[in-house]
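Biologist: Could you take me slowly through one part of this structure, the charged side chains and the helix packing around them, and explain each term as you go?

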Amino acid sequence: MNSRYEVVIVGGGIHGVGVAQAAAVRGYRTLLLEQQVLAAGTSSRSSKLIHGGLRYLESGNIRLVRESLREREILLGIAPGLVERKAFHIPVYRSSRRGAPHIRMGLLLYRLLARGAAGEFARIPSRDWDSLDGLETAGLKAVFRYTDAQTDDVALTHAVARSAEAFGAEILTGARFVGAERAGAGYEFRYVRDGVVSVCHTDVLVNAAGPWAAQALSRILPGPPRLPHDLVAGTHIITDGSLTQGCYYIEAPSDRRAVFVLPWRGRIMTGTTERLYIGDPALIAPTPGEIAYLREALTAYFPGLSAEVVDSFAGLRVLPKTESGLSARSRETVLLADAPVPRLISIFGGKLTAYRHTAERVMERFKTVLPERVTQADTSRLVLPVD
């Protein structure tokens, strides 16, 4: 165990381990602190998708979609046992908010942004609708098929962590960040593990605590910049049944929000919801209303499937505070630095798909303050280990 590090990360979700990998690959003495276990928070409660974010096109977020599609292809290449390409279906009904021409234009743009990387899509003939896992055909006008990808978010987080360790990073779970104070050209920080308080020094500090990011900032002196943000809860349900034709992208009957119906470990996962959350992030849980909302969506599109919930989970997204509705808010990752020449960077928000790119951006911001090292490897080419 060192007492001096060059890069220290607080938080063992996908963004934290991504930064640990990017730092270790560059040869920096790296430490990651996680108060529970890896992927204990949002990184185990996502929709398990590696995708471009088709719906973000409606808000004009072209750059985010292009970036995510690029990262999707990188992850398909470096994590072949963890990220799998899947067929996605968009059914269009008489009652749908988005008509067939609207969907087709969106998919055309999605294909263009994918730059030929599995960006093809097709309109499924009506004669084949009966093969689509029992999809309701009454009022159905069109079905489009395109491709994106699916992953096990926990397994992906652990694989990136093992890669970071292989390059020399230290990863400590059950290690609670106590606080940090600016000390010379860096920070003196404290953490407690197994009842023992350790005091160490780091050149730079990365706050990747996700929903706990604001709490981590409150323990750092002098007080660093804050980002006004909301915690947004999203629930998924797991039901019995199987989907053999892939994934489905539907509109919830009550408010026409986008909802996914996905195959997951031999069952069906439906999600997600969106609601503001105020309270301890550790206590987030699905509400009866959210479960009912998702059951209604599932049975409206797949009336022959069971809506008996065998499991459910809720996670938290960090979204910048704006006057916009939750669905309209930006999903861009925000990197908040303590100064123009940063020694502390906090990661707010972000997508599972773009974790690697986010980590590269963090390390790029630190280039002026960290010693120059010869890069040992490019993280876009590192094949992730699979159990």
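**Charged pairs and a helix crossing**

Modeller: Glu73 is partly exposed, with a relative accessible area of 23%, where buried means under 20% relative accessible area, exposed over 50% and partly exposed in between, for a 1.4 Å probe and protein chains only. This is a predicted model, in which local features need pLDDT of at least 70 and side-chain atom pairs count only at pLDDT 80 or more, while totals for chains, interfaces and linings use all residues. Residues are numbered from 1 along each chain as its sequence is written, and side-chain values use heavy atoms, with hydrogens and water left out.

Side chains of opposite charge can pair when their charged atoms come close. Glu73 has such a partner in Arg72, with 2.8 Å between the closest N and O atoms of their salt bridge, a term that requires a side-chain nitrogen of Lys or Arg within 4 Å of a carboxyl oxygen of Asp or Glu. Arg72, at 1% relative accessibility, counts as buried. Elsewhere, Glu58, Arg97, Arg98, Glu251 and Arg256 are joined into one network by salt bridges that share partners, and the structure holds 25 salt bridges.

Another pair, Glu67 and Arg63, forms a salt bridge at 3.6 Å from N to O; the two are four residues apart in helix 2, and therefore about one helical turn separates them. Helices here are DSSP runs of H or I with at least four residues, strands are runs of E with at least two, and both are numbered from the N terminus. Glu67 is buried, with a relative accessible area of 7%.

Glu67 also takes part in a helix contact, for Glu67, Arg70, Glu71, Ile74 and Leu75 in helix 2 meet Tyr355, Arg356 and His357 in helix 7, contact meaning heavy atoms within 4.5 Å. The axes of helix 2 (residues 62-78) and helix 7 (residues 355-365) come within 9 Å and cross at roughly 105°; these axes are lines fitted to C-alpha atoms over the stretch in contact, with angles from 0 to 180 degrees between N-to-C directions. The two helices are therefore roughly perpendicular, since 65 to 115 degrees earns that name, under 35 is roughly parallel, over 145 roughly antiparallel and the rest oblique.

Helix 7 also holds Glu360, whose side chain meets that of Arg26 in a salt bridge of 2.6 Å, N to O. Arg26 lies in the loop between helix 1 (14-25) and strand 2 (30-34), so this pair ties together parts 334 residues apart in sequence, and both Arg26 and Glu360 are buried.
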